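Dear colleague,

I am handing over the structure we spoke about, and I would be glad if you kept it open while you read the notes that follow it.

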Amino acid sequence: MSELELTVIGVAEEAPLVRAFHLEAVSGGQLPGYSPGSHIRVQLPNGDDRPYSLVNLDPSIETEKGVKHYRLGVRLEENSLGGSSFMHGLSPGDRILTTPPKNEFALAGDAGPAVLVAGGIGITPIASMAAELLRNNCDFLLHYSGRAQGSLAFIGPLRDLLGERLIEHYDDLTGGPLDIDAVLSASDASQHLYVCGPKGMIEAMQIAARARDWPEARIHFELFTPPVPQTGDRPFEIEVASTGESYTIPVGESIIQVLEAAGHDLIYDCQRGDCGICQTDVISGEPDHRDLVLTDSEKAEGKVMQICVSRARSVKLVLDL
Ligand code: FES
């Protein structure tokens, strides 16, 4: 499907550093429908794009049949690489280009009980899921966690919508992060677990759920933060096995970015290490895994890697590309 041209029709402050953007088609017509958990990718002036989840807080709207408006929630990141600062510069009347909606964080087909966990701006896909579960009379709880009172976006409408199904957590009230063990202890492995938040939260949830023998098929997650360089990162070499071409991957750039700039046609999506679409076989060398897709044993084996985020411990990787 071709790209969408959208007009910003409203901008609202939802929390400190978080703005909601209301969008409609430039033509004024119906927009493609979407399922809860979907995102669109917004094109930036430099040609890059960024994914933002579609927010729906109205259970009476069946978004899959097409909608008049989209709503996004975007947090202005301290170390913005261009996406959130571009979005926060938008005003009503501005136009943007986006992809049609796509969903890599969908609700499971069965209507069984669910546990939703959102950290900070990770609420954006989770809120739409909560509205859908409510619409379908499903049994669920939403644990919504933030650093401080007053920091959580969409909290007023969520309180009105969910009542006792919403459990708020504030680090400054309890003196620490969300107690993941307590969340899981109050649930059971027959429930679907949906988690969106920072990498540390998702990793902690994965570890705790797996320790309780939670089936992998019932652990669903999406990371909302883009990868950032880590202390000690250094450049490394990659070789494309099919052609013998070699490239240097500098600090702050991914394998995908370097290969695309060199004209390679690659398949990928999230560019955050959580969808698994860019997974590539490693012929030689030792990857430095930074994704949320592979299990610990797959990472230890080192036979595959996610080339959107992972780097190298060895000076060179030969990739099956
Ligand atoms: S593009 Fe999603 S894991 Fe790499």
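Before the sheet is described, one term needs fixing: two strands are said to pair if DSSP finds at least two bridges between them. Please also bear in mind throughout that this is a predicted model.

With that meaning of pairing, strand S13 (residues 236–240) and strand S19 (residues 316–319) run parallel and are joined by four bridges, and within this pair Val240 stands opposite Leu319 in S19. Both strands belong to an open sheet of five strands, whose order is S14-S13-S19-S15-S17 and whose pairing is mixed. At the edges of that sheet lie strand S14 (246–249) and strand S17 (304–306), each of which pairs on one side only, while the twist from one strand to the next averages 40°.

Turning to the backbone, there are two residues other than glycine with a positive phi that I would ask you to look at. In Leu17 the phi angle is near 75°, and the residue sits in the loop that links strand S1 (4–15) with strand S2 (18–25). In Phe154 the phi angle is near 60°, and this residue is located in the loop between strand S9 (140–146) and helix H3 (155–162). As for their surroundings, Leu17 has a relative accessible area of 41% and is therefore classed as partly exposed, since that value falls between the 20% and 50% cut-offs, whereas Phe154, with a relative accessible area of 1%, counts as buried because it is under 20%.

The last point concerns the cysteines. How many disulfides does a search of the whole structure find? The search returns zero. For Cys138, the closest cysteine sulfur is that of Cys196, and the two sulfur atoms are 20 Å apart, which is too far for a bond because a disulfide requires them to be within 2.5 Å. Cys196 is likewise in no disulfide, the nearest cysteine sulfur to its own being that of Cys270, at 12 Å. As to accessibility, Cys138 is buried, with a relative accessible area of 5%, and Cys196 is buried as well, with a value of 2%.

With kind regards

Methods:
Residues are numbered from 1 along each chain as its sequence is written. This is a predicted model: local features need pLDDT of at least 70, side-chain atom pairs count only at pLDDT 80 or more; totals for chains, interfaces and linings use all residues. Side-chain values use heavy atoms; hydrogens and water are left out. Helices (H or I, at least four residues) and strands (E, at least two) are DSSP runs, numbered from the N terminus. Buried means under 20% relative accessible area, exposed over 50%, partly exposed in between (1.4 Å probe, protein chains only). Axes are lines fitted to C-alpha atoms, for helices over the stretch in contact, and angles run from 0 to 180 degrees between N-to-C directions.
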